Amino acid sequence: MLENGAGIKQKTVVEQVMEQIKNLIADGTFKPGERIPTEPELSRMFGVGRSSVREAIKTFQYMGVMETKTSRGTIICDNSKITQQALYFAILLGKKNFFELVELREVMEIGGLKRMIALKKSDPALYKSYVEELESSLSKIAAPQTIEDFIVGDYKFHGTIINATRNSVFRDIYATLRAFMEDEILRCYQNIEDVGLLSIEHRDIIRTIE
């Protein structure tokens, strides 16, 4: 048993188990959506105690890498949960510079704007649906009944552009940014003297696309 001193020390057993599992995911042995072996099976596979396996799995669950379902056991999650968890804590534990977050959103939007413009010729119906979504969000920005209406409208407006990229990673990142972006949107709303200027800026975006 590794926990009895054969090869690694007690304090690093869980980390070693996690490394082994990461390798099995990397080489395709454990695939997203599939059930991994049970704790006893993993214990025998790695030559460690069940407690170490259990702690490793708990850590992966908290990270969003795995989830346990009553009928299926423990399965590997898809990348969306992992992306959101990792990014959320990276921002939370970092400087949380809102200007940098806005800059990140703008970078993602460039791809969405390019695709929406291309859709005018390649798929007019889809292009029209995106513009209609933008117009709907703009109505909340231009004449909000509450601050919450404005926040939701602004978040959805930019989300529509990012969704147009059809890039799942971009969508996951933007969903993760929601709490942070909404704080920034609220701050803009409270600090600007003429909220109407914000709706004009958003209207200009639609006109540019058109």
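This is a short chat about reading strands, packed helices and pockets in a predicted model.

Me: Let's start with the strands. Which way do β1 and β2 run, and how many bridges join them?

Reply: Strand β1 covers residues 66-69 and strand β2 covers residues 73-76. They run antiparallel, and four bridges join them. You'll find three residues between the two strands, and together β1 and β2 form a hairpin.

Me: Can we pick out one pair? Which residue in β2 is the bridge partner of E67?

Reply: That's I75, so to speak the residue to click on in β2 once you've found E67.

Me: Now helices. How do I describe two packed helices?

Reply: You give the angle between their axes and the distance between the axes. Try it here with helix α1, residues 13-26, and α3: they pack at an angle of about 60°, with their axes 8 Å apart. That angle makes α1 oblique to α3. As for handedness, α1 passes α3 in a right-handed crossing.

Me: And α6 with α7? At what angle do they pack, and how far apart are their axes?

Reply: Helix α6, residues 124-142, packs with α7 at an angle of about 160°, and their axes are 7 Å apart. An angle over 145 degrees counts as roughly antiparallel, and therefore α6 and α7 are roughly antiparallel to each other. Their crossing is left-handed.

Me: On to the empty spaces. What shows where empty space is left?

Reply: The idea is to roll a probe the size of a water molecule over the atoms. In this model, the largest pocket has a volume of about 350 Å³. It is lined by 18 residues, and R105, D154, H158, E201 and H202 lie nearest its centre.

Me: Which elements give two or more residues to that lining?

Reply: Those are α5 (98-122), α7 (147-163), α8 (168-191) and α9 (196-209). The largest share, six residues, comes from α5. Sort the lining of this largest pocket by class and you get ten nonpolar, two polar and six charged residues.

Me: What about the second largest pocket? What is its volume, and which residues line it?

Reply: Its volume is about 160 Å³. Among the residues lining the second largest pocket are R35, P37, E39, R54, K58, T68 and T74. The elements that give two or more residues to this lining are α3 (50-63) and β2. Helix α3 gives the most, with four residues.

Me: How does that second lining split by class?

Reply: The second largest pocket has three nonpolar, five polar and four charged residues in its lining. As you look back over the model, notice that α3 turns up twice: it packs with α1, and it contributes to the lining of the second largest pocket.

Definitions and conventions
Residues numbered from 1 in each chain as written. Predicted model: local features only at pLDDT ≥ 70, side-chain atom pairs only at ≥ 80, totals over all residues. Heavy atoms only, no water. Pairing = 2+ DSSP bridges. 1 Å grid on protein atoms, 1.4 Å probe; cavity = no way out; pocket = protein on both sides within 12 Å on 5 of 7 lines; lining within 4 Å. Points joined across faces, edges and corners; volume = space filled by probe spheres on them. Nonpolar A, V, L, I, M, F, W, Y, C, P; charged D, E, K, R; others polar. Axes fitted to C-alpha atoms, helices over the stretch in contact; angles between N-to-C directions. Parallel < 35°, antiparallel > 145°, perpendicular 65-115°, else oblique. Left-handed = near helix turned anticlockwise from the far one by under 90°.
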